[in-house]
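Hi,

Here is the structure I promised to pass along. My notes on the salt bridges and a helix pair follow below it.

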Amino acid sequence: AESIQRAFVLTGEVSRLDRYDQVVENFYAHFRNIPVLTADNPTQQKLFQDLAPVVDERVALLNKIVRLKQAGKVGEATTLIRSNRGGVYMDTIRDLFRALESEESRLLDGRSRHEQIETLHSQRWMLLSTALGAFALLLAAYIIGRGITERKRALEESTQAKEMALRALAARSLFLANMSHEIRTPLHSIIGMAEVLADRPDEMEIDRGLTIVRRAGNLLMNLINDILDLSKIEAGKLDIDSIPFDLHSHIEETVSMIAFRASQKGLELTAEVSKGVPNILIGDPNRVRQILLNLIGNAIKFTGEGKVSLRVTASGDGDRVRVGFEVVDTGVGIPAELHPFVFEKFRRLERSASRSYGGTGLGLTISKQLVELMGGKLSFESEAGKGSTFRAEIPFEAESGVSVEHEEKVWRSDRRSLSIL
């Protein structure tokens, strides 16, 4: 009965149930004869009273699984099959049948009349053999069903692994396609301008050509550095330093490095260090600079007019401090539907973003992974047409015995100086 039920649940073929009711009825026909044949033995009567409800519950469980499958509730039916209830019932049934058999053997040993012994033994042994045979079938079906379930689970896991491998292959293909395009673009500029300079040895033309070649070479170098950084991070081989550095001076130097790009676009660039931010921290200053250059550079890149600002805050007491670096711009913003993909490799606002703004689409990916390697978190808020705010929160150790600034510092690119307010 159990093998029929399991076959129906797994295949959904109604024809599998044709013999189900008949098998159950035949089992009960033999099973109900046990109290009749053991009426002269109170011990066996008691064992049967214990056995009957367990058998009924096991058969009820089989019927319930069939009804769930017929009602289309395959998930619930499968859950019942995978549960251990059937196994518990089977263990109890087996133990009670063994007790019945043991009591039967004891009775037979005490019989004085050989004919009665032979007759009674045959009848009872036939009955017990039939019941044990039915039990063995149920147990075999249970074990087979569990095996089918395990094979099905293994097949599902194999399918998932295959899908993951295909996605990884697609991502690798996308990476190679993007890299091929990004590397070709500056190389075409370098080769093309070299040919122009060879044909036109004019001094002004040479100066202009060298500027283009230098710019294309820098672009190519930045691309290679991004790829190397990303490869090291994903391979788990990028080391994070832990050395003392002056955060305030570091921020001024970093913003000074990128101020020219802002002034070229007519943007106001400001940096504010809130009071209470320690001067000396222990961490990796080069990676902090790389993160800030990426975030501020992105903000400048996608802002046509207005301003870009960096605000630095700190929280925490004692030797541990959490520094927040917030970069705010008045640029194009990011549509809500693209928010889930902002930190993915090679993701841009649109297909034409590479032509309009340049870049590889790796900066935010690298920044996020660097922040997380340092034990921090990178998040953002943005709305199309209303600018973006990126916030990196990074934990540092504060060097003991070093004073904390109690005044806010503000740096503005248009004034090219550091003012203390």
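Aspartate 50 comes out as partly exposed in this predicted model, because its relative accessibility is 31%, and buried would need under 20% while exposed would need over 50%. Its salt-bridge partner is lysine 46, with the closest N and O atoms 3.0 Å apart. Lysine 46 is partly exposed too, at 43%. Both sit in helix H4, and since they are 4 residues apart, about one helical turn separates them.

You'll find a similar spacing in helix H12 (residues 363-373), where glutamate 372 and lysine 368 are 4 residues apart, about one turn of the helix. Their side chains form a salt bridge at 2.5 Å, N to O. Glutamate 372 has a relative accessible area of 42% and lysine 368 has 23%, so each counts as partly exposed.

Now for a pair from distant parts of the chain. Arginine 311 and glutamate 272 meet in a salt bridge of 2.6 Å, N to O. The arginine is in strand E4 (residues 307-315) and the glutamate in strand E2 (residues 268-273), 39 residues apart.

In total, the count is 9 salt bridges. There is also a network of them linking Arg322, Glu326, Arg391 and Glu393.

Back to H4 (residues 42-70): this helix packs against H5 (residues 74-82) at about 155°, with the axes 7 Å apart. That angle makes the two roughly antiparallel. Residues in the contact include Leu61, Ile65 and Leu68 of H4 and Val74, Leu80 and Ile81 of H5. By type, the contact residues are 7 nonpolar, 3 charged and no polar.

Cheers

How values were computed. Residues numbered from 1 in each chain as written. Predicted model: local features only at pLDDT ≥ 70, side-chain atom pairs only at ≥ 80, totals over all residues. Heavy atoms only, no water. Axes fitted to C-alpha atoms, helices over the stretch in contact; angles between N-to-C directions. Parallel < 35°, antiparallel > 145°, perpendicular 65-115°, else oblique. Contact = heavy atoms within 4.5 Å. Nonpolar A, V, L, I, M, F, W, Y, C, P; charged D, E, K, R; others polar. Salt bridge = Lys/Arg side-chain N within 4 Å of Asp/Glu carboxyl O. Buried < 20%, exposed > 50% of the residue type's maximum accessible area, 1.4 Å probe, protein only.
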